Amino acid sequence: MVILGIESSCDETAAAILKDGKILANVVAGQAVHSSYGGVVPELASRAHQSNIVPVVHETLKKAGIPGADIDAVAYTQGPGLLGSLLVGSSFAKSFALALAIPVIPVNHMQGHVLSLLLENTLTFPFLCLTVSGGHTQIVRADAPLKMKVLGETADDAAGEAFDKAAKVLGLPYPGGPLIDQYAAQGDSKRFHFPKPQMPGMSFSFSGLKTSFVNLVQKMSPEEKNASLNDICASYQAVIVDILLSKLAIAVNTTGITRVAIAGGVAANSGLRSALKEAEKRQGWEVFIPSMRYCTDNASMIALSGYYLYKSGITGDQKDTSHARLPL
């Protein structure tokens, strides 16, 4: 079984080839055009996807050594994401599938992130997955590849957005989240205090924390801000990681499931990865952390999701529509 996966939910144009459950090729094209705007511009993202999609798929097929005629199905991201970007990927996937008279499979982006953990790990179900990215923060209970339930999610901003917006306030170039991580490694995480949102159960909130950060930085002179940059980043990152881990601990205690994983772009954050490894030792959890290439958006996770859907007899058709908001 050979599946072509297409991912275009935000600002990465990606394609992957999966054969009998194993990835043969995974190609991702970024979009540098957004760096001068301090964030993703939806219209520019759509245009970049249109330019990238054909060469990315061509390169993927070439790397995999698989001719297009050998593909059995095409899986694509149906949502959630930027609607214009999603439409580029879905239109290409449907056209490709129509030309070859093969099934097309719409995939939930967040399901893909959770299943990306199976690309490298032999993970026994059930497990808990903390999915953190620029657009989402969720705790998901996965009982099977196609049976998942959201236990808690953010009421406003996502953790990744909180990192990127803070970086913009500090004057750091986009994407700023990874830069905050770099500076935090050299700073004192206890120098500055940020309030933790008081949300019930496994719910998250980062808007108030972001406001607190803005207020702190705006009161500083440029010289003071530059001199304290490492400590600001370390303190801010520490409180976000603490919020994420405390909610994950509630999920473990509530469900009794001690197999714990992280996924999504923020899963690449060194502070979060280290804190989770410490929790594994301290709490006795069985922790699974993806490699960097599978943290950010990629088509391997979409292809794998499509593989499980196809094996279960679930496919889509040409009438399926893309959705900016698509519940898991």
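Helix axes on this tour are lines fitted to C-alpha atoms over the stretch in contact, and the angles between them run from 0 to 180 degrees between N-to-C directions. Helices (H or I, at least four residues) and strands (E, at least two) are DSSP runs, numbered from the N terminus. The structure is a predicted model, in which local features need pLDDT of at least 70 and side-chain atom pairs count only at pLDDT 80 or more, while totals for chains, interfaces and linings use all residues. Residues are numbered from 1 along each chain as its sequence is written, and side-chain values use heavy atoms, with hydrogens and water left out.

**Stop 1: α5 against α8**

Select α5 (177–184) and α8 (229–255), which pack at an angle of about 110° with their axes 7 Å apart. That makes α5 roughly perpendicular to α8, on a scale where angles under 35 degrees count as roughly parallel, over 145 as roughly antiparallel, 65 to 115 as roughly perpendicular and the rest as oblique. On the α5 side the contact (heavy atoms within 4.5 Å) is made by I180, D181, Y183 and A184, and on the α8 side by L229, N230, C233, A234 and Q237.

**Stop 2: α8 against α9**

Keep α8 selected and add α9 (270–283). The angle between α8 and α9 is about 40°, and their axes lie 10 Å apart, which makes α8 oblique to α9. The crossing of α8 past α9 is right-handed; a crossing is called right-handed if the near helix is turned clockwise from the far one by less than a right angle, and left-handed if anticlockwise. To see the side chains involved, show Q237, V241, L244, L245 and L248 in α8, which meet G271, L272, A275, L276 and A279 in α9.

**Stop 3: the nonpolar cores**

A nonpolar core is a set of buried Ala, Val, Leu, Ile, Met, Phe, Trp, Tyr and Cys residues joined through side-chain atoms within 4.5 Å, where buried means under 20% relative accessible area, exposed over 50% and partly exposed in between (1.4 Å probe, protein chains only). Which residues touch the most other members of the largest nonpolar core? Among its 49 residues they are F206, I240, L244, L276 and W285. At least two residues of this core come from each of β6 (127–132), α4 (159–169), α5, α6, α8, β9 (259–263) and α9, and α8 gives the most, with 15 residues. Centre the view on L244, which, leaving aside its neighbours within four places in sequence, is in contact with L130, V132, T137, A159, F204, F206 and L272. Apart from the largest core lies another, of 25 residues, including I105, V140, A142 and A263.

**Stop 4: aromatic pairs**

Rings of Phe, Tyr and Trp (its six-membered ring) pair if their centres lie within 6.5 Å, and planes under 30 degrees apart count as stacked, over 60 as edge-to-face and the rest as tilted. By this rule there are eight aromatic pairs. One of them joins F213 and Y236 in a tilted arrangement, 4.4 Å centre to centre with 45° between the planes. Because F213 lies in helix α6 (207–218) and Y236 in helix α8, the pair ties together parts that are 23 residues apart in sequence. Both F213 and Y236 are buried. Y307 and Y308 form an edge-to-face pair, 5.5 Å centre to centre with 70° between the planes. Y307, at 13% relative accessibility, counts as buried, whereas Y308, at 21%, counts as partly exposed. To finish this stop, select F163, F194, F213 and Y236, which ring pairs link into a cluster.

**Stop 5: backbone details in the loops**

Move to the loop between β4 (73–79) and α2 (83–100), where P80 is placed; a cis peptide bond joins G79 and P80, with omega about -10°. A cis peptide bond also runs from F125 to P126, with omega near 0°, and P126 is found in the loop between α3 (109–115) and β6.

Next, select D20 in the loop between β2 (13–19) and β3 (22–29); D20 has a positive phi, near 50°, in a residue other than glycine. A101, in the loop between α2 and β5 (104–108), is likewise a residue other than glycine with a positive phi, near 55°, and is exposed, with a relative accessible area of 70%.

End at Q198 in the loop between α5 and α6, which counts as exposed at 71% relative accessibility. Measuring C-alpha to C-alpha, Q198 and Q186 are 29 Å apart in space and twelve residues apart in sequence.
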